[in-house]
Structure formats: C-alpha cells, structure tokens
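The exercises below ask you to read a structure step by step. Try each task before you look at its solution.

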Amino acid sequence: MNIKPLADRVLILPAPAEEKVGGIIIPDTAKEKPLRGKVVAAGNGTKDEEMILKEGDTVLYGKYAGTELEYEGTKYLMMRQSDVLAVLA
C-alpha cells in the first residue's frame, strides 16, 4: 500500500454492498452504504491518543464517517480512529 495515513487516521476498504436480499436483486441506486470494512493502513497515533487499530482489523463505522477517496481504481475511506465504532472479533 502506497498510502500511509498520518497521526490518528486509518484507511479502510469498505465491505461490498449487498447485491441480493432473499432473491431480490437490489439496483445500485437503492444500495445502502456499507458500515463495515477492513483496515488496510493505519497512522502512528498522536501524543495524546495511542493507535489501537492495526492493519487487518475488521471494523464498524458510522454511516457518514470518513472521506471517500479512490486510488488505482479502488474506493477507500480515510477516517480518524475516533470515528470507528467497534472492532469485530
């Protein structure tokens, strides 16, 4: 990964939106933004806040959290560690 987040930021690869629900195919316009993703890069933290998240963690985040960016054709979310709600075990 050529992107290295600074301070308390993490780069997240969102999980793909669900295509089918019980046999019904959902069109692109009706798909909900995924609220789960995988941390692909993490900063070092700040002097006030230690970085808890690490690469490979699967996390839950708020619906409007983060800034969307696209790198080499893949969409990512960049957000602060505090925007992450939980780490899935």
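**Exercise 1. Place Asp-8 in the chain and describe its surroundings.**

Step 1. Asp-8 belongs to the segment before strand 1, which covers residues 9-14. Strands (E, at least two residues) and helices (H or I, at least four) are DSSP runs, numbered from the N terminus. The model is a predicted one: local features need pLDDT of at least 70, side-chain atom pairs count only at pLDDT 80 or more, and totals for chains, interfaces and linings use all residues. Residues are numbered from 1 along each chain as its sequence is written, and side-chain values use heavy atoms, with hydrogens and water left out.

Step 2. The relative accessible area of Asp-8 is 7%, so Asp-8 is buried. The classes are buried (under 20% relative accessible area), exposed (over 50%) and partly exposed (in between), with a 1.4 Å probe and protein chains only.

Step 3. Leaving out residues up to four places away in sequence, Asp-8 touches Gly-45, Thr-46, Glu-49, Met-51, Met-79, Arg-80 and Gln-81. A contact means heavy atoms within 4.5 Å.

**Exercise 2. How many salt bridges does a search of the whole structure find?**

Step 1. The search gives two salt bridges. A salt bridge is a side-chain nitrogen of Lys or Arg within 4 Å of a carboxyl oxygen of Asp or Glu. Side chains of opposite charge can pair when their charged atoms come close.

Step 2. One of the salt bridges joins Arg-80 to Asp-8, with 2.7 Å between the closest N and O atoms. Arg-80 is part of strand 7 (residues 74-80) and Asp-8 of the segment before strand 1, so the pair ties together parts that are 72 residues apart in sequence. Arg-80 is partly exposed, because its relative accessibility is 35%.

Step 3. Asp-57 and Lys-54 also form a salt bridge, at 3.2 Å from N to O. Asp-57 is buried at 11% relative accessible area, whereas Lys-54 is exposed at 53%.

**Exercise 3. Which residues make up the largest nonpolar core?**

Step 1. A nonpolar core is a set of buried Ala, Val, Leu, Ile, Met, Phe, Trp, Tyr and Cys residues joined through side-chain atoms within 4.5 Å. In soluble globular proteins, nonpolar side chains tend to be buried together.

Step 2. The largest core has twelve residues: Val-10, Ile-12, Val-39, Ala-42, Met-51, Leu-53, Val-59, Tyr-61, Ala-65, Leu-77, Met-79 and Val-84. Strand 1, strand 4, strand 5 and strand 7 each give two or more residues to this core. Apart from it lies another core of five residues, including Ile-3, Ala-41, Tyr-76 and Met-78.

Step 3. Take two members of the largest core. Ala-42 touches Lys-4, Pro-5, Arg-9, Val-10, Met-51 and Leu-53, not counting residues up to four places away in sequence. Ala-65 is found in the loop between strand 5 (58-61) and strand 6, and counts as buried at 10% relative accessibility.

**Exercise 4. Which residues have a positive phi without being glycine?**

Step 1. Ala-7 has a positive phi of about 50° although it is not a glycine. Ala-7 sits in the segment before strand 1 and is partly exposed, at 31% relative accessibility.

Step 2. Glu-72, also not a glycine, has a positive phi of about 50°. Glu-72 lies in the loop between strand 6 (67-71) and strand 7, and is exposed, with 68% relative accessible area.

**Exercise 5. Describe the chain as a whole, and where the prediction has its lowest and highest confidence.**

Step 1. The protein chain has zero helices and eight strands. Of its 89 residues, 28% count as buried. Among contacts between residues at least 6 apart in sequence, 65% join residues at least 24 apart.

Step 2. The average pLDDT of the chain is 89, and 84% of the residues score at least 70. pLDDT is the predictor's confidence in each residue, from 0 to 100.

Step 3. Among the elements, strand 2 (residues 20-21) has the lowest mean pLDDT, 58, and strand 4 (residues 36-42) the highest, 97. Where pLDDT is low, the predicted coordinates should not be read in detail.
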